[in-house]
Amino acid sequence: MLLYQSPWIDDDLILFRENVVRFIETEMVPYDAKWRAQHHVDLDIWTKAGEMGLLCLDLPAEYGCGGGDFRHECVMYEELSRRGISGFGQGVHSMAAHYVYNYGTEVQKKRWLPRMAKGELIGAIAMTEPSAGSDLQGIRTRAVLEGDHYRVNGSKIFITNGGSASLLMLVVRTNPNERKHGLSLLMVETKDLKGYRVGRVLDKMGLPAQDTAELFFEEVRVPADCLLGSEEGRGMYQLMGDLPYERLIIALCGVGAMEGALAETSKYVKERQAFGQAIGTMQHIRFKLAEAATITRVARVFVDDCIQRLLKGALDNETASMAKYWVTDMQQQVLDECVQMHGGYGYMNEYLVCRMFADSRVQRIYGGTNEIMKELISRSV
Ligand SMILES: Cc1cc2nc3c(=O)[nH]c(=O)nc-3n(C[C@H](O)[C@H](O)[C@H](O)COP(=O)(O)OP(=O)(O)OC[C@H]3O[C@@H](n4cnc5c(N)ncnc54)[C@H](O)[C@@H]3O)c2cc1C
């Protein structure tokens, strides 16, 4: 492959990347098949990652976090996605930590961030409900303030890390008479929480190592000081504030998967023989690789630009939505071609491109569907 280095990489990050790769190759890759079969990662991977200082990388050291910036998180996502390690839900863990950091009080930050950075608390984001996905303002899970606690009733669905999460960023309705202004965010510690129940770990098309789950709340008492920030009704604004960060992570994982699949496919076609020659010498295959490499590079350059904008605090919602929608559409197209170039082997789960293809489908659905991305972009055109 032609060499390309992201403009945001420096010597420190090159060293950091070596540590990340070593950790993923020794602590994750050998266990991925087991995790996929059991439908969750082994929970000690969280504390191992915490001990290595690989969680909450872009939040300040004063809260026990990595003290780096978004580039450190990027390295981690890239290396995970290049290897198809999709069960370790670091993305939503980081996003949950960001809500605490961005909107939490000082007491809340000190209470949750150090334990999230150590992997003692596993984060999840619980927004979606059976009757409210794209239409987030339709959320029904109700939280009623009663003295020093909220009484919570309702349910959530499709929650990444749901089976193992010990700290939920839970979106609740605190005012039934307001749609947009009626939502609030509660941070909920789930250990021994009466009335809280994890339902089914959902049987999915891809991401089998991810314990995506249903969550149920029946007369759950959540301490009032778990409200994020100090005011009810701010939930929708708080959610919208972090969207560029979340959408860029999804796009970056898309690029990482394309790069990983392309490298794997390029190797494969040089080895695989048909009609007395390596299939990689055939013009059709060479052209397919050229097309996939070009799309991947364009996606990479766009995502790198978004990363630099985000680092400067200048990534707008529309640009992040463009990256999320276009890159994940391209991810599926490129991975489909990579499967095709592997022939029947590309359909076998023991091949990386097969697992990546199945895992990739949801990228166009979660984090706001690609149709919703287009809806948002179109308003600015
Ligand atoms: C594997 C997986 C992991 C997930 N992880 C999480 C998580 O961690 N936390 C969480 O809260 N949620 C999570 N989700 C939920 C995900 O974000 C939602 O599924 C997604 O937002 C879509 O909502 P929905 O499923 O209700 O679809 P719907 O909103 O019912 O949409 C159905 C279809 O209608 C289209 N549509 C809807 N409204 C419009 C519109 N206005 N214009 C054009 N088209 C429209 C959609 O694009 C889609 O094609 C996850 C989902 C999956 C599958």
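In which sense do strand 1 and strand 4 pair, and over how many bridges? I began my notebook with this point, working throughout from a predicted model.

**Entry 1: strand 1 and its partner**

I found that strand 1 and strand 4 (residues 167-173) pair in the parallel sense, over four bridges. I noted Gly123 standing opposite Leu167 in strand 4. I then looked up the two faces of strand 1, which spans residues 123-126. In a regular strand the side chains alternate between the two faces of the sheet. Here I recorded Gly123 and Ile125 on one side, with Ala124 and Ala126 on the other. These residues are all buried, and both faces of the strand are covered.

**Entry 2: Gly123**

I next followed a single residue, Gly123, which lies in strand 1. Is Gly123 buried or exposed? The cut-off for a buried residue is 20 or more other C-beta atoms within 10 Å. Gly123 has 30 C-beta neighbours inside 10 Å, so I entered this residue as buried.

I also listed what Gly123 touches, leaving aside its neighbours within four places in sequence. Its contacts are Val92, His93, Ala96, Ala97, Met116, Asn161, Ala165, Leu167 and Met169. I looked up one distance as well: the C-alpha atoms of Gly123 and Arg22 are separated by 24 Å. These two residues are 101 residues apart along the chain.

**Entry 3: helix 5 and helix 6**

I turned to helix 5 (residues 90-103) and helix 6 (residues 106-118). Their axes are 9 Å apart, and the helices pack at an angle of about 160°. Angles over 145 degrees count as roughly antiparallel, and I therefore recorded helix 5 and helix 6 as roughly antiparallel to each other. The crossing is left-handed.

Which residues make the contact? From helix 5 I noted His93, Ala97, Val100 and Tyr101. From helix 6 I noted Gln108, Lys109, Trp112, Leu113 and Met116. Sorted by class, this contact has six nonpolar, two polar and one charged residues.

**Entry 4: strands 2, 3 and 7**

I then examined strand 2 (residues 142-146) and strand 3 (residues 149-159), which run antiparallel and are joined by five bridges. Arg142 has Asn153 in strand 3 as its bridge partner. The two strands form a hairpin with two residues between them. I noted that Gly147, in the turn, has a positive phi of about 70°.

Strand 3 also pairs with strand 7 (residues 213-223), in the antiparallel sense and over eight bridges. For Ile159, I found the bridge partner in strand 7 to be Ala213.

**Entry 5: helix 8 and helix 9**

How do the axes of helix 8 and helix 9 cross? The axes come within 9 Å and cross at roughly 155°, with helix 9 covering residues 283-311. That angle makes helix 8 roughly antiparallel to helix 9. I recorded the crossing as left-handed. By class, the contact of helix 8 with helix 9 has 18 nonpolar, four polar and two charged residues.

**Entry 6: helix 11**

Last, I asked why helix 11 is largely enclosed by the rest of the structure. Seven of the nine residues of this helix (residues 352-360) are buried, so the surrounding structure largely encloses it. The buried residues are Leu352, Val353, Arg355, Met356, Phe357, Asp359 and Ser360. I noted that they pack against helix 8 (243-271) and helix 10 (317-341).

Notes:
Residues are numbered from 1 along each chain as its sequence is written. This is a predicted model: local features need pLDDT of at least 70, side-chain atom pairs count only at pLDDT 80 or more; totals for chains, interfaces and linings use all residues. A residue is buried if 20 or more other C-beta atoms lie within 10 Å of its own, exposed if 12 or fewer, and partly exposed in between; C-beta atoms are placed from the backbone. Two residues are in contact if their C-beta atoms, placed from the backbone, lie within 7 Å. Axes are lines fitted to C-alpha atoms, for helices over the stretch in contact, and angles run from 0 to 180 degrees between N-to-C directions. Angles under 35 degrees count as roughly parallel, over 145 as roughly antiparallel, 65 to 115 as roughly perpendicular and the rest as oblique. A crossing is left-handed if the near helix is turned anticlockwise from the far one by less than a right angle, and right-handed if clockwise. Ala, Val, Leu, Ile, Met, Phe, Trp, Tyr, Cys and Pro count as nonpolar, Asp, Glu, Lys and Arg as charged, and the others, Gly among them, as polar. Two strands pair if DSSP finds at least two bridges between them.
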